[in-house]
Amino acid sequence: MFSRFSRALLQWTGFTSVQSFVLFIGTVGVFALFSMSQATWMRPQAPGGKFWFERTWWLGWGLRWHAWVMIPVGILLPLQFLPRLRARTPALHRWLGRLLILGVSLGNVGGMIATRRSFGGTITSQTSFGTLVVISSFSMFKAWMAIQAGRVDRHRVWMLRAWCYICSVLTLRILMAVFSFAIARVSPDRYKTVSTCAEILHTYETLSCDFTRSLPRLLARYPSCAELGEKGGREVFVAVNASLNITRPEEIFSMLSLVYGVCAFLGLVIHVLGVEIYLEWSRGETERLKEVAKNGEKGPEK
């Protein structure tokens, strides 16, 4: 029964082995589900994130633009990796590929704007996202040039690299959860980040928690915030403990800002190494496509 079902499934999708299909589901399939989830809960949640995104129009639009473009890109991505679609409708594969490249390029612009304040807007956070943008854009450019030259094999290699790098944002979320729980368990109350009184007060008001709704509660926790001043505390900085204490939301957001940068870099490194391992493992497919190019046969982009 299972054998018959698997054969029918492979015939419908165009994969040559169950292993390839499982890999497809476990990578781009999971990433598509992740992209769908972002449509409902993707919000600026780092310390001061909402504060700045709601008060600075270009930051808010940068985040919205990034989400509105990249979410559909992630959802449509599995179509590009279906062998049957590439074989039967190469024109669709070609135009969808162009659309996705355009979407990633536009989404990167919005992301670079939003990262100025996203997850605390630290130098590490901005550098990690910038690195992702550079290497993924370079890989897509190389893939585009390869297919224009009729090198289907090189097109496959560079496109796999590009999308694997982009999918590191999912691994980033997993690593953030692991690092946050590890730090809270092993080194509680050791690490801190810097925030402003206005950002913390805005966090309290946004969450509407009974125990953190009033200004007196803020002053009890951070006495230096008594000097809020005319600018609403934007220039009054305080050290916020990084923890997972649910009664202190600013400390949870502090933890996310603390681990974001290192998790982004680590996730990217994992994907850079992972895609090279996969390319070595699937070298046979690369050699096959190389022969196609040598024989003058048209690849999917042709």
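**Exercise 1. Find which residues Val104 touches, leaving out those up to four places away in sequence.**

Take contact as heavy atoms within 4.5 Å. With that cut-off, Val104 touches Met70, Val73, Met140, Trp163 and Ile166.

A word on the model: it is predicted, so local features need pLDDT of at least 70 and side-chain atom pairs pLDDT 80 or more, while totals for chains, interfaces and linings use all residues. Residues are numbered from 1 along each chain as its sequence is written, and side-chain values use heavy atoms, with hydrogens and water left out.

**Exercise 2. Work out which residues have the most contacts inside the largest nonpolar core.**

Start with the rule: a nonpolar core joins buried Ala, Val, Leu, Ile, Met, Phe, Trp, Tyr and Cys residues through side-chain atoms within 4.5 Å. Buried means under 20% relative accessible area, exposed over 50%, and partly exposed in between (1.4 Å probe, protein chains only).

The largest core has 25 residues, and Phe31, Leu77, Val104, Met140, Trp163 and Ile166 have the most contacts inside it. Apart from this core lies another, of 11 residues, including Leu175 and Cys263.

**Exercise 3. Is Arg161, the salt-bridge partner of Glu276, buried or exposed?**

First, the bridge: a side-chain nitrogen of Lys or Arg must sit within 4 Å of a carboxyl oxygen of Asp or Glu. For Glu276 and Arg161, the closest N and O atoms are 2.8 Å apart. The two are 115 residues apart in the chain.

Next, accessibility: Arg161 is buried at 14% relative accessible area, whereas Glu276 counts as partly exposed at 32%.

Note on methods: Helices (H or I, at least four residues) and strands (E, at least two) are DSSP runs, numbered from the N terminus.
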